[in-house]
Amino acid sequence: MILTTNDVLNIIRNIAEVIETNKQYLTDLDAAIGDADHGINLDRGFKAIKEKLPQFLDKDIGAILKNVGMVLVSTVGGASGPLYGTFFMRMGSIALGKKAIDDKDIVAMFEAGLSGIKERGKAQAGDKTMIDAIEPALNELKKSLEDGLKFNEALSIAVNASYSGVEMTKKIAAKKGRASYLGDRSIGHQDPGATSAYLMIKTAAEYMDKLQ
């Protein structure tokens, strides 16, 4: 798997469109256990990114992702802006100066992004956050590649693991963010952050699958 600068820009554009399509769904999920603004906030951030994409055409992949992260931090309210912003900026730090990235780069970027979210949010898997969709995907991606599967096969397994992580958030109480104030009353509700993370992972995977 090789992703070029143009591929990364296309993935970001596709993510922006998916977030726009699902902004009300994400906001409705957030209304049950949060501030009822997750989808609206994320959509605002990715709309700002889409407007800036022409300015990124001559930049390397690392610089593109760092710029995406900075836009999210500056335009998305609540916790999701700094968390997703950190995710993209940390990914960008791995790809700095590169016009193309391969399988190993993608895994390393994924690891760096997840680490950034954990550090910024002081959260772990099982806290009912976006980590519950990201960490299972990364773990399964790494395991599948170590087992010798092709990258697109490993991606498919990773996406399924991410979805399972989202489903798992319905069964646990929130330990972080606004939802944590509800305690056990948050059980039964799907985490909006995990859901948006899954949508991003699925969108990126679908694009990469077409390149195989």
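A crossing of two helices is left-handed if the near helix is turned anticlockwise from the far one by less than a right angle, and right-handed if clockwise. With that in hand, welcome to some close-up views of this predicted model.

**View 1. Helix 8 and helix 9 cross in a left-handed way.** Helix 8 covers residues 151-168 and helix 9 covers residues 192-211. Their axes come within 9 Å and cross at roughly 165°. Angles over 145 degrees count as roughly antiparallel, and helix 8 and helix 9 are therefore roughly antiparallel to each other. On the helix 8 side, look for Phe151, Asn152, Leu155, Val159, Ser162, Tyr163 and Val166. They meet Ala194, Thr195, Tyr198, Ile201, Lys202, Ala205, Met208 and Asp209 of helix 9. Sorted by class, the residues of this contact between helix 8 and helix 9 are ten nonpolar, three polar and two charged.

**View 2. Helix 7 passes helix 8 in a right-handed crossing.** Here we stay with helix 8 and turn to another partner, helix 7, which spans residues 131-146. The axes of helix 7 and helix 8 cross at roughly 150° and come within 7 Å. The two helices are therefore roughly antiparallel to each other. From helix 7, the contact takes in Asp132, Ala133, Pro136, Ala137, Glu140, Leu141, Ser144 and Leu145. Facing them in helix 8 are Phe151, Ala154, Leu155, Ile157, Ala158, Ala161, Ser162, Gly165, Val166 and Met168. The contact of helix 7 with helix 8 holds 13 nonpolar residues, along with three polar and two charged ones.

**View 3. Two lysines with positive phi sit in the loop between helix 6 and helix 7.** Helix 6 runs over residues 103-121. In the loop that follows, Lys122 has a phi near 50°, a positive value in a residue other than glycine. Lys128, in this loop too, has a phi near 65°, again positive in a residue other than glycine. Which of the two is buried and which is exposed? Lys122 is exposed, with a relative accessible area of 61%, whereas Lys128 is buried at 1%.

**View 4. Phe46, Phe87, Phe88 and Phe110 form one aromatic cluster.** Within the model, four aromatic pairs are counted. One of the pairs joins Phe46 and Phe88, whose ring centres are 6.4 Å apart. The planes of these two rings stand at 70°, and planes over 60 degrees apart count as edge-to-face, so this pair is edge-to-face. Phe46 lies in helix 3 (residues 38-52) and Phe88 in helix 5 (residues 80-94), so the pair ties together parts that are 42 residues apart in sequence. How accessible are the two partners, buried or exposed? With a relative accessibility of 1%, Phe46 counts as buried, and Phe88 counts as buried at 5%.

**View 5. Asn41 is a buried residue of helix 3.** For this last view we stay in the helix that holds Phe46. The relative accessibility of Asn41 is 7%, and since buried means under 20%, Asn41 counts as buried. What does Asn41 touch, not counting residues up to four places away in sequence? Its contacts are Val76, Gly77 and Gly78.

Conventions. Residues are numbered from 1 along each chain as its sequence is written. This is a predicted model: local features need pLDDT of at least 70, side-chain atom pairs count only at pLDDT 80 or more; totals for chains, interfaces and linings use all residues. Side-chain values use heavy atoms; hydrogens and water are left out. Rings of Phe, Tyr and Trp (its six-membered ring) pair if their centres lie within 6.5 Å; planes under 30 degrees apart count as stacked, over 60 as edge-to-face and the rest as tilted. Helices (H or I, at least four residues) and strands (E, at least two) are DSSP runs, numbered from the N terminus. Buried means under 20% relative accessible area, exposed over 50%, partly exposed in between (1.4 Å probe, protein chains only). Axes are lines fitted to C-alpha atoms, for helices over the stretch in contact, and angles run from 0 to 180 degrees between N-to-C directions. Angles under 35 degrees count as roughly parallel, over 145 as roughly antiparallel, 65 to 115 as roughly perpendicular and the rest as oblique. Contact means heavy atoms within 4.5 Å. Ala, Val, Leu, Ile, Met, Phe, Trp, Tyr, Cys and Pro count as nonpolar, Asp, Glu, Lys and Arg as charged, and the others, Gly among them, as polar.
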